[in-house]
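Hi,

Here is the structure I promised to pass on. Have it open while you read, and my notes follow right below it.

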Protein chains: 4
Amino acid sequence: MVDQQTWERRTEWPMAGVALLFLVAYSCQVLLTLTPAWHAVCEAVITGSWVLFVVDYVVRLVLAERRLHWFLHHLLEFLVVVLPAIRPLRLLRLVAMVTVAQRAIGGAIRGKVLVYTICTSTLLLYVASLAMLEAERGHPDSSVKSFGEALWWSMTTVTTVGYGDYSPVTTTGRLIAAALMIGGISLIGVVTATIASWIVEQVAEEDAAKQAATANQIEELRHEVRRLTESLRATEQKMPTS
Amino acid sequence: MVDQQTWERRTEWPMAGVALLFLVAYSCQVLLTLTPAWHAVCEAVITGSWVLFVVDYVVRLVLAERRLHWFLHHLLEFLVVVLPAIRPLRLLRLVAMVTVAQRAIGGAIRGKVLVYTICTSTLLLYVASLAMLEAERGHPDSSVKSFGEALWWSMTTVTTVGYGDYSPVTTTGRLIAAALMIGGISLIGVVTATIASWIVEQVAEEDAAKQAATANQIEELRHEVRRLTESLRATEQKMPTS
Amino acid sequence: MVDQQTWERRTEWPMAGVALLFLVAYSCQVLLTLTPAWHAVCEAVITGSWVLFVVDYVVRLVLAERRLHWFLHHLLEFLVVVLPAIRPLRLLRLVAMVTVAQRAIGGAIRGKVLVYTICTSTLLLYVASLAMLEAERGHPDSSVKSFGEALWWSMTTVTTVGYGDYSPVTTTGRLIAAALMIGGISLIGVVTATIASWIVEQVAEEDAAKQAATANQIEELRHEVRRLTESLRATEQKMPTS
Amino acid sequence: MVDQQTWERRTEWPMAGVALLFLVAYSCQVLLTLTPAWHAVCEAVITGSWVLFVVDYVVRLVLAERRLHWFLHHLLEFLVVVLPAIRPLRLLRLVAMVTVAQRAIGGAIRGKVLVYTICTSTLLLYVASLAMLEAERGHPDSSVKSFGEALWWSMTTVTTVGYGDYSPVTTTGRLIAAALMIGGISLIGVVTATIASWIVEQVAEEDAAKQAATANQIEELRHEVRRLTESLRATEQKMPTS
């Protein structure tokens, strides 16, 4: 029987595929006016992906060494599996894939952070717009009636601009908005932090005289002291024995 | 007779309890339509907690070594005790508890900052929404009529999105909004700063050759120089006396 | 005859006083409905302060060693003296006083930055609200009719919340708004940067093993190497001459 | 035949001139009501600059050593040349000039970043306002009817204030808005990061005892150890041969 880590490594790509299938089916349902047959297909894919997510969750829970500990540290995944309202969060699996892909490719930290931020923001904007459209278009007071409008609203929210020409009126819509706002604050944080890290580095490199001492330099200094110690020992041996 | 520090250490948990009781009574008064009997109970709890806060404040002022100095450095607490309008700030006592709890548990700085930020933000959002609802619902021009709307407004304010679909019209409401905005700017600051600190660390660790020299390495180098000095002294003693 | 630096040191407090007088007279004119006599007094104070600013500017220009260079580096002051529309910027003199006061008191950098930010923000909010009220209240489409509303609008602008319940419609009002927005971005920047600096320091101190090597430690190490060199020289002198 | 780098170095100033000509012609077309003759002149300049951009792009693609690699890394330039809708992005050539000019002048990193940010922001605001006006003024629901309004809208967007008194209704307008929002987030990031870098430096310099060890100090220490080693060798040679 496999252990939990092996299971997770083996299922990470298949589960990302399932999440992608779910995304396609969910997009079709929200964006297109489907014939009953296609609607049933989409419904089947969505239900199927949900079953696979439940199975994956249960298997990992069973395989976990300390089940209660694992359960408490994966509370979000439990909610994603149990509550239909937050099912778009299953796409976090796709975001996790970005990390996996980057591990394979390698590269500098700041480049990785940038790519990760762009991928996550794009997915977040797309999914939030889909969910927003589904939640709001049925409501009489809502101004969000098309995917374009939902996308525009998402953009003004995630950048914290918030014109207010479109704003959610349903509870679901407002929960999605809250998630987007938190995402937006994090986005500003990541962008700023990456630039700050770059500027700090540039300023340090600019003035060579102020450059920080590195571990390497200390290491070289140590070699010299060691060589000195050896010279001394050699000198001692050459000395006339008293 | 106890000194001020002992008093503060002994009363920190009881006073947090009093603040919690105040929070419950205040929430009931604002959110529920109470029978006169329950209303009186809530009123009694709120008055009682106020009396305890006054007593605590006076005792600490009396126990302080330099009373004027203490008074000037605890001006906010004086105002919280004296002005009924800002009584929700008594809940700062609960926020202080987060610090105490973390001191007991321990953990890395960034983790602590994160937990502290989440707790404070949640409490801030809840209390600001309560106070907002109390201040605005009686005003004819106000659009905030339910706790859900107040919470939604708080969220758009603290993230600096500001759609403008709900905005305060009373002076009290605007003061609460100003406090939330300052809280929001600080929130963005803390989130960004935490991410920046993490990225700076990752970038430094990434390139081992550029890793900063640590105090430990200098210490080891010093040991080596000291050993060398001792060798030299030993050599000297072995030398034939001239 | 005095040189420029002496002049500036001697006039910094008097000119700050003049700026304060200007602030009081300007506030009275905007906020109160004055009798013609008092209006004339305010007008006289405003004109008088302007004359003093012009005199101060001309004296400093004449005393400057490289006049063209000084003129180009003090273009903002030239505009403040010449354009009546931006006369509230004379209060920059008061902001400069904060720096002078802090130089006298001393203290840690982050504390200074905090005090400076609070003072500047408060003054900025107050003056922007005054100027906004003066610019907008005469316009038929404007919604800003009282100082309270102007202050509320300033607060929503400087924190970049921007509800849109009040927004300027005159060109002067929009220029003031633009200045406030730039001030707001800088405010967020300063708050975030101060927190970031604090967190970076805390993280570094947390793990003593990772603490950066300091210049002091290197200095101590050097003393030890020097002592070693001296020991060697002493040894050498004790040696039998060959 | 020249190589790609020589070509780029030789054409950077002429192409910046072409971009500037394009900017002038585009501004005239949008802002002024031209006579048919002048309209034709502007049209000719715009078309001519486009031809030159195409020629420049093709020459650089042909001269590139690894063409596919170069094509994939200059996808944005391809789109700028091919899509008429994003032709204002040709002005990126002017932004590139700021970098070139700064390379010539020199100066500290933070100063450069500041100048670059101010130049880019100003150009971004101007061009976005132009493009916005062109896109929105024909639309019946749009509120942006003059260049002043477009500029005011750009300012509220780039600072993420977003009052919502003006907001785009056309798809082109919303794409421009999205670009401005991303620019705004980056602007906040750059401002914050520059301030953070400055504060971190000030805090470090403040406490001389905590100043980081610099590479220079390590270098000096190494000289001393080397001198010591040489002394030892000299001592050894003076020793009586056993």
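In chain A, A:Tyr57, A:Trp70, A:Phe71 and A:Phe78 are joined into a cluster by ring pairs. Before going on, please keep in mind that this is a predicted model. Counting over all chains, there are 24 aromatic pairs. One of them sits in that cluster: the ring centres of A:Phe71 and A:Phe78 are 5.2 Å apart with the planes at 70 degrees, so this pair is edge-to-face. Are these two rings buried or exposed? Neither quite: A:Phe71 is partly exposed at 25% relative accessible area, and A:Phe78 is partly exposed too, at 29%.

Chain C has an edge-to-face pair as well, made by C:Tyr126 and C:Phe147, with 5.7 Å from centre to centre and 70 degrees between the planes. This one links distant parts of the chain, as C:Tyr126 belongs to helix 6 (residues 109-136) and C:Phe147 to helix 7 (residues 147-158), 21 residues apart. C:Tyr126 counts as partly exposed, with a relative accessibility of 25%.

Now the charged side chains. Side chains of opposite charge can pair when their charged atoms come close. Over all chains the structure holds twelve salt bridges. In chain A, a network of salt bridges links A:Glu8, A:Asp56, A:Arg60 and A:Glu77.

Chain D is a good place to look at such pairs in detail. D:Arg60 makes a salt bridge with D:Asp56, and the closest N and O atoms are 3.1 Å apart. Why do these two sit about one helical turn from each other? Because they are four residues apart in helix 2 (residues 36-63) of chain D. Both ends of this bridge, D:Arg60 and D:Asp56, are buried.

D:Arg60 also meets D:Glu77 in a salt bridge, at 2.9 Å from N to O. Here the partners come from two helices: D:Arg60 is in helix 2 and D:Glu77 is in helix 4 (residues 75-82) of chain D, so the bridge ties together parts 17 residues apart in sequence. The two ends are not equally covered, either. D:Arg60 has a relative accessible area of 6%, so it counts as buried, while D:Glu77 is partly exposed at 28%.

In chain C, C:Arg60 and C:Asp56 form a salt bridge with 3.1 Å between the closest N and O atoms. These two residues are four apart in helix 2 (residues 36-63) of chain C, which means about one helical turn between them. C:Arg60 and C:Asp56 are both buried.

Next, the contact between chains D and A. The size of an interface is often given as the accessible area lost when the parts come together. For chain D and chain A that comes to about 3,800 Å², with 69% of it on carbon and sulfur atoms. On the chain D side, the residues that lose the most area to chain A are D:Arg174, D:Met181 and D:Ile185, which together account for 17% of what that side buries. The contact involves 46 residues of chain D and 40 residues of chain A.

How many salt bridges run between chain D and chain A? The count is zero. There are, however, four residue pairs in polar contact across this interface. Which helices of chain D supply at least two residues each to the side that touches chain A? They are helix 6 (109-136), helix 7 (147-158), helix 8 (171-206) and helix 9 (215-238). Helix 8 gives the largest share, 15 residues. By type, the chain D side divides into 23 nonpolar, 15 polar and eight charged residues.

Two single residues to finish with. A:Ala131 lies in helix 6 (residues 109-136) of chain A and is buried, at 9% relative accessible area. Setting aside neighbours within four places in sequence, A:Ala131 is in contact with A:Tyr26, A:Pro88 and A:Ile176. From A:Ala131 to A:Arg222 there are 91 residues in sequence and 61 Å in space, C-alpha to C-alpha.

The other is B:Ser142, found in the loop between helix 6 (109-136) and helix 7 (147-158) of chain B. B:Ser142 is buried, with a relative accessible area of 6%. Not counting residues up to four places away in sequence, B:Ser142 touches B:Glu136 and B:Val169.

Cheers

Definitions and conventions: Residues numbered from 1 in each chain as written. Chains lettered and ligands numbered in written order. Predicted model: local features only at pLDDT ≥ 70, side-chain atom pairs only at ≥ 80, totals over all residues. Heavy atoms only, no water. Contact = heavy atoms within 4.5 Å. Buried area = accessible area lost by both parts, 1.4 Å probe. Salt bridge = Lys/Arg side-chain N within 4 Å of Asp/Glu carboxyl O. Polar contact = N/O pair within 3.5 Å; in protein donor to acceptor, adjacent residues only side chain to side chain. Nonpolar A, V, L, I, M, F, W, Y, C, P; charged D, E, K, R; others polar. Buried < 20%, exposed > 50% of the residue type's maximum accessible area, 1.4 Å probe, protein only. Phe/Tyr/Trp six-rings, centres within 6.5 Å; stacked < 30°, edge-to-face > 60°.
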